[in-house]
Amino acid sequence: LEVSEIEQAGDWGDGSGAWTNAFKYTFTYDANKRWVGKTIKIWNGSGWDNYQKYVITYNSNNKETSTIYKSWIESTGSWDNFEKDSIIYDGAGNILEAIHYGWNSLNNDWGYDNKWTYTYTGNVKVSAIYSTYDGSNWSALGRYTYSYTGANNDFILVEYWTGQSWLKTGKYSYEFNQAGQVTKETLRSQKNGLWSKTNVKTFS
């Protein structure tokens with residue numbers, strides 16, 4: 001099954017007041033009604049040219065395991081790989097690692113770029129560490145630590161790896177309504193050991 005939608009842009013600056021085609025998105029679904037592909041085409045003034053393509057795969061539990069991003073190469077008339085996201089789960093279906101790859105055209109293979117690694121207590125997420133790959137080793141750069149009140153996420157502590165220790169840089173706090181929906185997000189930054197409010201978002 002394929003479903004398409006067209007994005008148009010209005011060029012009002014020239015006084016024409018007309019909508020023109022910009023992008024065309026075609027979504028592909030399998031027999032299980034899972035989204036397995038997306039093709040993006042760009043308008044050239046008289047027709048549609050291939051631009052980007054996504055290919056999505058799932059495991060036996062219907063959880064997404066990889067997304068491959070391809071770009072259209074006009075000179076060869078073919079789709080070439082350029083990025084991939086891969087997800088690894090534990091037996092309970094929690095995400096253990098989310099790995100981002102770049103395409104190495106010289107080796108004709110995927111190369112590590114960055115990843116998120118998650119830890120849990122039971123099925124409750126307690127930390128997420130962001131790492132980058134230098135060609136031979138992974139290096140941690142950032143960490144989120146989650147604190148909970150009941151079933152709701154109450155705090156997210158943001159830290160940066162200095163090379164020797166974790167340095168606290170930010171903290172998100174949340175307020176909820178009776179339905180468990182987030183109504184307020186507050187970001188605080190730490191300086192000289194003190195937390196100061198830097199941004200507040202409210203949701204209705």
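Start at a turn: Gly 77 takes a positive phi near 65° in the hairpin of strand 5 and strand 6, which has four residues between the strands. Strands here are DSSP runs of E, at least two residues long, numbered from the N terminus. Keep in mind that this is a predicted model, where local features need pLDDT of at least 70, side-chain atom pairs count only at pLDDT 80 or more, and totals for chains, interfaces and linings use all residues. Residues are numbered from 1 along each chain as its sequence is written, and side-chain values use heavy atoms, with hydrogens and water left out.

On either side of that turn, strand 5 (residues 64–73) and strand 6 (residues 78–89) pair in the antiparallel sense over eight bridges; two strands count as paired if DSSP finds at least two bridges between them. One of the matches puts Ile 68 across from Lys 84 in strand 6. Carry on along the chain and strand 6 pairs again, antiparallel over seven bridges, with strand 7 (residues 95–104). Here Ile 88 stands opposite Glu 97. The hairpin of strand 6 and strand 7 has five residues between the strands, and in it Gly 93 takes a positive phi near 90°.

Back to Lys 84, which has a ring under its charged end: that of Tyr 101, with 4.8 Å to the ring centre. A charge sits over a ring if NZ of Lys or CZ of Arg is within 6 Å of the ring centre and within 35 degrees of the ring normal. Lys 115 does likewise over the face of Trp 138, at 4.5 Å from the ring centre. Tyr 101 and Trp 138 also belong to one aromatic cluster, together with Tyr 112 and Tyr 133.

How many aromatic pairs turn up in the whole structure? The search finds 15, where rings of Phe, Tyr and Trp (its six-membered ring) pair if their centres lie within 6.5 Å, and planes under 30 degrees apart are stacked, over 60 edge-to-face and the rest tilted. Phe 23 and Tyr 51 make a tilted one, 6.3 Å centre to centre with 45° between the planes. This pair links distant parts of the chain, 28 residues apart: Phe 23 is in strand 2 (residues 18–29) and Tyr 51 in strand 4 (residues 48–58). Phe 27 and Trp 35 form another tilted pair, 6.3 Å centre to centre and 55° between the planes.

Phe 27 is buried at 16% relative accessible area (buried is under 20%, exposed over 50%, partly exposed in between, with a 1.4 Å probe and protein chains only). Trp 35, at 32%, is partly exposed.

Phe 27 leads on to the largest nonpolar core, whose six residues are Tyr 25, Phe 27, Ile 40, Tyr 54, Ile 56 and Tyr 69. Strand 2 and strand 4 each supply at least two residues of this core. Such a core is a set of buried Ala, Val, Leu, Ile, Met, Phe, Trp, Tyr and Cys residues joined through side-chain atoms within 4.5 Å. A second, separate core has five residues, among them Tyr 118, Ala 128, Ile 156 and Tyr 174.

Finally, look at Ser 173 in strand 12 (residues 166–176). Is Ser 173 buried or exposed? Ser 173 counts as buried because its relative accessibility is 13%. Its side chain makes a polar contact with the side chain of Arg 188 at 3.1 Å. That term covers a pair of N or O atoms within 3.5 Å; within protein, one must be able to donate a hydrogen and the other to accept it, and residues adjacent in sequence count only if both atoms are side-chain atoms.
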